[in-house]
Amino acid sequence: MSQSDDTIALAVRRLLAGFQAEDAAGETLGSATLEGVLVRDGLVQVTLGVDRARADALEPARRAAEGAIARLPGVANATIVLTAHRASAAPVATPQPAPPQPASHQAAARPPAPKPMPIPGVAHVMAVASGKGGVGKSTVSVNLAVALARLGLRVGLMDADIYGPSLPRMLGEHRRPEVRGDRMIPVEAWGLRAMSMGLLVEEDSAMIWRGPMIMGAVQQFLGQVNWGELDVLVVDLPPGTGDIQLTLSQRVQVSGAVIVSTPQDIALIDARRAVRMFEKVEIPVFGVIENMSVFCCPNCGHRSEIFGHGGARAEAQRLGHVFLGEIPLLLDVRSTSDAGTPIVAAAPMSEGARAFMAIAETLAKQLKKKH
Ligand SMILES: Nc1ncnc2c1ncn2[C@@H]1O[C@H](COP(=O)(O)OP(=O)(O)OP(=O)(O)O)[C@@H](O)[C@H]1O
Ligand SMILES: [Mg+2]
């Protein structure tokens, strides 16, 4: 870590202590405990432990402190994440000068794994995941999100695929999100509020982000987007069971995950891994979707089972999870995706759109039960 990151970490601690001193009654940040300050290349991540029940009330104070940190010299970006209280953490009021550390060491210990918190204003977060790439997660995320919006829900769509964001293309949306105050406003498209790294940086440059930058970007999405009031935030995850999935599950209360798989064995093995990952982090699995289930020839209507058929249903049963339904392999699902006009919106009566609507109805019921 560079010297300037050291200096920033100390300044951040002092600033937070100042905030708390002003708040002598302990109504807002005075009641928080500092769980960690992480500074890398001017990117600041602060974790504050708070009483879960008061997270919403603390939001204005959190934002104010985040803004103040962002204005400190040398800070490129600041994120304060509130996590559920931990008894062992040090109160903010006792600022510690940064302990002497070897040059290679980090500014502060990595914050302990925090407890997940709700996103203010967002009733449910639903993750769309798969163990394997290219099985249609993004296609499913976009179309399920549009389908849920058509059912009358207020829906947000977050592209958590930092390496390869695909939502701008699939939504046909390339406007830069507006920034109001210290928050980004999602773009409105197809009745959704959407946010993607692809809207913030060129798609090619997003591809080269690595490690901590990625975590920082996910944190920023989680903390610095003003989603407004949402019934559900659909999160399109990158393939696999890596850091982004972990960050999401540690930071945010996820109501449930939808696992997308193609019918063949190789994809199912990966789907199983994704299911296990969510079970391990105690996120309920809403169910499994079989995508590219049966190929329907657009000319003659003949149905061929190119990747097999029914594998995901059998696997869901084996794993004790709900089978949510099948999406056939259809030319117009692919072409509408590429054209930036999701099929559920562009051709709501088509076979593909109806398949997505049926699954969305099941999911909407599951979400309702969770209220
Ligand atoms: N049911 C379907 N019928 C036809 N084409 C489909 C279907 N589902 C997805 N596709 C196409 O398959 C390709 C991959 O889909 P998509 O990008 O949604 O997958 P992904 O799982 O999000 O990929 P990645 O792992 O790279 O994020 C896209 O060209 C998409 O249009
Ligand atoms: Mg994708």
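**A walk through the predicted model**

Met-292 is a good place to enter this structure: with 26 other C-beta atoms within 10 Å, Met-292 counts as buried. The model described here is a predicted one. Met-292 belongs to strand β13. Setting aside the neighbours within four places in sequence, Met-292 makes contact with Gly-136, Thr-262, Phe-307 and Leu-329. One of these partners, Phe-307, is 15 residues away along the chain, and the C-alpha atoms of Met-292 and Phe-307 are separated by 7.4 Å.

Stepping back to the whole protein, the chain forms 13 helices and 15 strands. Of its 371 residues, 47% count as buried. Contacts across the sequence are also informative: among those between residues at least 6 apart, 79% join residues at least 24 apart.

Strand β5, residues 125-129, offers a clear view of the interior. Because 5 of its 5 residues are buried, β5 is largely enclosed by the rest of the structure. In a regular strand, side chains alternate between the two faces of the sheet. Both faces of β5 are covered, with Val-125, Ala-127 and Ala-129 buried on one side and Met-126 and Val-128 buried on the other. The pairing partners of β5 can be followed from here. With strand β11 (residues 232-236), β5 pairs in the parallel sense over 4 bridges, and the bridge partner of Met-126 in β11 is Val-234. With strand β12 (residues 256-261), β5 likewise pairs in the parallel sense, over 4 bridges. In that pairing, Ala-129 stands opposite Ile-259 of β12.

The surroundings of ligand 1 come next. The shell around ligand 1 holds 21 residues, of which Gly-133, Gly-136, Ser-138, Thr-139 and Arg-334 come nearest. Two or more residues of this shell are supplied by each of the elements α3 (137-150), β13 (285-296), β15 (323-329) and α11 (331-339). By residue class, the shell divides into 8 nonpolar, 10 polar and 3 charged residues. Two names link this site back to the starting point: Gly-136, one of the nearest residues to ligand 1, is also a contact of Met-292, and β13, the strand that holds Met-292, is among the elements contributing to the shell.

A pair of helices provides another point of interest. Two packed helices are described by the angle between their axes and the distance between the axes. For α9 (residues 265-280) and α10 (residues 311-319), the axes come within 10 Å and cross at roughly 35°, and the crossing is right-handed. On the α9 side, the residues that meet α10 are Asp-265, Leu-268, Ala-271, Arg-272 and Val-275, while Gly-311, Ala-312, Glu-315 and Leu-319 represent α10. The residues of this contact divide into 5 nonpolar, 1 polar and 3 charged.

Finally, two loop residues deserve a look for their backbone angles. Trp-190 has a phi near 55°, a positive value in a residue other than glycine, and sits in the loop between β9 (187-189) and β10 (192-196). Glu-282 also has a positive phi, near 60°, and is likewise a residue other than glycine; its place is in the loop between α9 and β13. Are these two loop residues buried or exposed? Trp-190 has 23 C-beta neighbours inside 10 Å and therefore counts as buried, whereas Glu-282, with 9 other C-beta atoms within 10 Å, is exposed.

How values were computed: Residues numbered from 1 in each chain as written. Chains lettered and ligands numbered in written order. Predicted model: local features only at pLDDT ≥ 70, side-chain atom pairs only at ≥ 80, totals over all residues. Near = placed C-beta within 6 Å. Nonpolar A, V, L, I, M, F, W, Y, C, P; charged D, E, K, R; others polar. Axes fitted to C-alpha atoms, helices over the stretch in contact; angles between N-to-C directions. Left-handed = near helix turned anticlockwise from the far one by under 90°. Contact = placed C-beta atoms within 7 Å. Buried ≥ 20, exposed ≤ 12 C-beta atoms within 10 Å, placed from the backbone. Pairing = 2+ DSSP bridges.
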